[in-house]
Amino acid sequence: MIKPGVPAPNLAPLMGTQTVREQGVVSYREIRARSLLNRCDSPRMPFTWTVNPYRGCAMGCRYCYAAYTHEFLGIDVPEQFHSLVYVKTGADEETARRLPAVIRKGELIALGTATDPYQPAEGEARVTRRFLEMVAGHRDARLGIVTKGALILRDLDVLQTIHRRSSLWVRVSLVSPHADLVRRLDPWAPPPAVRIEVLKRLHEAGIDAGLGLAPVLPAITDDEPSLDRLLGEVAGAGVRRMFMNVLFLRSPTKEKYLRWLAQEFPRYLEAYERAYAGRVYLRGPYRERLGEMVRRLKRKHGFIDEERGERALALPEQLGLWP
Ligand code: SF4
């Protein structure tokens with residue numbers, strides 16, 4: 001049970017109270033973690049373990065579904081998910097101890113389900129890098145990464161080692177080819193051209209790289225000419241894999257997103273309120289029309305129709321919007 005404004009009892013003693021670094025509008029603090037590997041017991045999820053090196057994410061995406069995770073820290077202003085980021089510390093030893101058993105059982109590890117593992121903090125903290133180095137020391141691991149961060153290219157060496165020895169895929173999230181719009185939606189994430197270049201470099205390095213078209217924002221990023229251009233640019237980078245999902249809205253992301261929408265796209269506010277009244281996810285004709293359009297565009301641009309990542313990630317809710 002989350003008490004508004006009160007950290008969960010198991011987290012309170014682990015949370016650093018001092019800001020260890022400030023960068024622009026973002027304050028960083030430390031949080032001690034026993035292990036980076038968190039078991040995910042939901043049978044609906046395609047992975048068994050999640051790894052989130054940070055709590056909070058400075059990329060600032062307006063639609064970020066993970067804002068609720070700050071409520072466990074007693075932070076009930078959802079915008080603070082982006083301005084108060086906790087860096088996990090002290091987890092290396094226990095993570096390294098647990099990892100061999102996870103790999104032995106063939107369990108899928110998802111890196112970056114509730115934070116971006118390559119957000120700016122990673123440049124210095126290197127929590128993601130250390131985890132990847134651990135994985136690289138093994139064979140036959142199963143690892144999936146979702147990110148928007150160009151910093152992933154720093155780790156190409158270790159990613160290539162994992163690719164050679166294990167199963168690895170990387171999905172780079174991008175919802176629109178339009179730089180102006182993306183700046184409004186994902187204010188501190190790299191612009192579209194950079195993310196497409198990241199896809200290209202990953203692909204050229206032999207990594208199974210793909211586009212994470214998630215979340216599609218009704219009326220804002222769902223027009224066919226834009227998606228056509230986006231898939232065309234991704235295909236031009238040599239990449240032919242992708243997954244797609246539609247905006248998932250639950251509290252506190254819903255309130256946060258609708259506040260932003262009221263300022264930036266007030267003409268859509270009423271339609272969103274109606275469409276998402278009493279539901280967190282759009283189904284029915286909208287979802288079907290969008291699915292058909294994306295299938296058509298995938299065929300047009302030569303995307304692979306069936307892939308494990310897409311089937312795994314196209315789950316209806318929750319982490320189906322990963323992230
Ligand atoms: S959607 Fe992903 S990249 Fe954006 S703020 Fe949330 S966790 Fe970070």
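**Burial and overall build**

I looked up burial in the chain to begin with, and found that buried residues make up 44% of the 323 residues. I note here that the model I am reading is a predicted one.

I then turned to the secondary structure of the chain, which comes to eleven helices and eleven strands. The radius of gyration is 19 Å, close to the 20 Å that the globule rule gives for 323 residues, so I take the chain to be as compact as a globular protein of that length. For the extent of the chain I noted that its C-alpha trace spans about 50 × 45 × 40 Å along the principal axes.

I also asked what share of the contacts between residues at least 6 apart in sequence join residues at least 24 apart. The share that I found for the chain is 81%.

**The sheet of seven strands**

I followed the order of the strands in this open sheet and wrote it down as E3-E4-E7-E8-E9-E10-E11, seven strands with mixed pairing. Strand E3 (37-39) and strand E11 (242-246) stand at the edges with a single partner strand each, so one side of each is left without a neighbour in the sheet. Neighbouring strands in this sheet are turned against each other by 25° on average, with direction ignored.

Within the sheet I looked at strand E9 (residues 167-173), which is mostly covered, since six of its seven residues are buried. Strand E8 (residues 142-147) pairs with E9 in the parallel sense, and I noted six bridges between them. For one residue pair I looked up Thr147, whose bridge partner in E9 is Val172.

Towards the edge at E11, I found strand E10 (residues 208-216) joined to E11 by four bridges, with the two strands running parallel. Here I noted Val216, which has Val246 in E11 as its bridge partner.

**The sheet of four strands**

I next traced an open sheet of four strands, in which the order is E1-E2-E6-E5 and the pairing is again mixed. Its edge strands are strand E1 (21-23) and strand E5 (54-55), each of which pairs on one side only.

How many of the six residues of E6 are buried? I found that five of them are, so E6 is largely enclosed by the rest of the structure.

I then compared the two pairings of strand E6 (residues 84-89): E5 is joined to E6 by two bridges and runs antiparallel to it, whereas strand E2 (residues 26-32) pairs with E6 in the parallel sense over six bridges. I looked up Val87 in E6 from both sides, and found that Tyr54 stands opposite Val87, and that Glu30 stands opposite Val87 as well. As background I wrote down that strands of a sheet pair through backbone hydrogen bonds, either parallel or antiparallel.

**His70**

Is His70 buried or exposed? I found it buried, with 24 other C-beta atoms within 10 Å, where 20 or more are needed for that label. The place of His70 is in the loop between E5 and E6. Leaving out residues up to four places away in sequence, I listed what His70 touches as Gly56, Ile75, Gln80 and Phe81. I also checked His70 against Gly236, which is 166 residues away along the chain, and noted that their C-alpha atoms are separated by 38 Å.

**Two helix pairs**

I looked first at helix H8 (residues 253-264) and helix H9 (residues 266-275), which pack at an angle of about 145° with their axes 6 Å apart. The contact is made by Leu258, Leu261 and Ala262 of H8, together with Pro266, Tyr268, Leu269, Tyr272 and Glu273 of H9. Sorting these residues, I counted seven nonpolar, no polar and one charged. The crossing in which H8 passes H9 is left-handed.

I then turned to helix H7 (residues 224-236) and helix H10 (residues 284-300), whose axes come within 10 Å and cross at roughly 35°. Here H7 passes H10 in a right-handed crossing. On the H7 side I noted Glu224, Leu227, Asp228 and Leu231, and on the H10 side Met293, Val294, Leu297 and Lys298. The residues of this contact divide into five nonpolar, no polar and three charged.

Definitions and conventions: Residues numbered from 1 in each chain as written. Predicted model: local features only at pLDDT ≥ 70, side-chain atom pairs only at ≥ 80, totals over all residues. Axes fitted to C-alpha atoms, helices over the stretch in contact; angles between N-to-C directions. Left-handed = near helix turned anticlockwise from the far one by under 90°. Contact = placed C-beta atoms within 7 Å. Nonpolar A, V, L, I, M, F, W, Y, C, P; charged D, E, K, R; others polar. Pairing = 2+ DSSP bridges. Rg over C-alpha atoms; globule rule 2.2 N^0.38 Å. Buried ≥ 20, exposed ≤ 12 C-beta atoms within 10 Å, placed from the backbone.
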